[in-house]
Amino acid sequence: MGRPKQFDPETAVEQAMQVFWRKGYGDTTPQDLVDALGIGKGSLYHAFGSKHGLFELALRHYGDTQAKALTDLLAEGEGTVKERLRKGLELLVEMDLADPDRRGCMAVNTATGLPRADEAASGLVRGMFARTEDAFRALVEEGKRSGEIAPDRDAAAVGSLLLNTVVGLRVTARVADGPDGMRRTIQAVLDLL
């Protein structure tokens with residue numbers, strides 16, 4: 001009898017994330033995961049417990065890698081507040097439109113595709129959204145201190161507006177013919193500040 005195939009759990013979670021991101025939780029079968037990870041079903045369930053358990057890990061990994069990229073750019077990127085904001089929003093649009101599968105944002109897809117009763121996935125998405133909204137709020141506060149953003153702007157409210165702008169852009173990009181409408185949205189939001 002041969003030895004069971006060894007695999008790296010971190011690599012497996014990354015591969016699973018790609019499958020869930022492309023197909024969605026509901027349309028991803030255990031066989032899809034077995035094929036992508038190159039392991040047997042028994043190994044899959046032994047290592048991750050269930051399809052949903054692996055999905056939670058994949059969603060967490062998405063937040064730690066993909067979603068974190070935007071918050072890092074906002075906090076640590078170069079340029080003025082508005083330049084960083086424009087760069088971050090335009091980067092999302094460019095990435096989404098360049099993706100041949102038009103996957104959009106895994107967190108947004110999860111929020112719109114899973115039942116509310118899935119508290120674990122909903123909680124992970126709420127956490128990602130909260131981190132993003134906090135990053136926007138902090139950026140607005142920085143802009144208020146530097147004089148780039150009007151001092152009477154409510155940083156929390158603008159942070160919420162920017163989060164919802166991102167969600168809308170990510171959904172729109174899944175079906176858009178091009179970037180023009182999304183660029184107009186970005187400019188309109190920057191003009192409001």
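The following exchange concerns a predicted model of a protein and its residue Arg102.

Biologist: How many helices and strands does the protein have?

Modeller: From the N terminus on, the elements run α-α-α-α-α-α-α-α-α. The count of strands is zero, and the count of helices is nine.

Biologist: Where is the place of Arg102 among these elements?

Modeller: Two helices flank this residue: helix 5 covers 81–98, and helix 6 covers 106–113. Arg102 therefore falls between them, under the rule that helices are DSSP runs. Its place is the loop between helix 5 and helix 6.

Biologist: Is Arg102 buried, partly exposed or exposed?

Modeller: The relative accessible area of Arg102 is 22%. Buried means under 20% and exposed means over 50%. Because 22% lies in between, Arg102 is partly exposed.

Biologist: Which residues does Arg102 touch, not counting residues up to four places away in sequence?

Modeller: A touch here requires heavy atoms within 4.5 Å. On that basis, the residues that Arg102 touches are Asp96, Leu97, Ala173, Arg174, Val175 and Ala176.

Biologist: Which residue has its backbone oxygen 2.8 Å from a polar atom of the side chain of Arg102?

Modeller: Among the residues that Arg102 touches are Ala173 and Arg174. The backbone oxygen that lies 2.8 Å from a polar atom of the Arg102 side chain belongs to Ala173.

Biologist: How far apart in space are Arg102 and Arg170, C-alpha to C-alpha?

Modeller: In sequence, Arg102 and Arg170 are 68 residues apart. In space, their C-alpha to C-alpha distance is 9.5 Å.

Biologist: What share of the residues of the protein count as buried?

Modeller: A residue counts as buried under 20% relative accessible area. The protein has 193 residues, and the share that counts as buried is 39%.

How values were computed
Residues are numbered from 1 along each chain as its sequence is written. This is a predicted model: local features need pLDDT of at least 70, side-chain atom pairs count only at pLDDT 80 or more; totals for chains, interfaces and linings use all residues. Side-chain values use heavy atoms; hydrogens and water are left out. Helices (H or I, at least four residues) and strands (E, at least two) are DSSP runs, numbered from the N terminus. Buried means under 20% relative accessible area, exposed over 50%, partly exposed in between (1.4 Å probe, protein chains only). A polar contact is a pair of N or O atoms within 3.5 Å; within protein, one must be able to donate a hydrogen and the other to accept it, and residues adjacent in sequence count only if both atoms are side-chain atoms.
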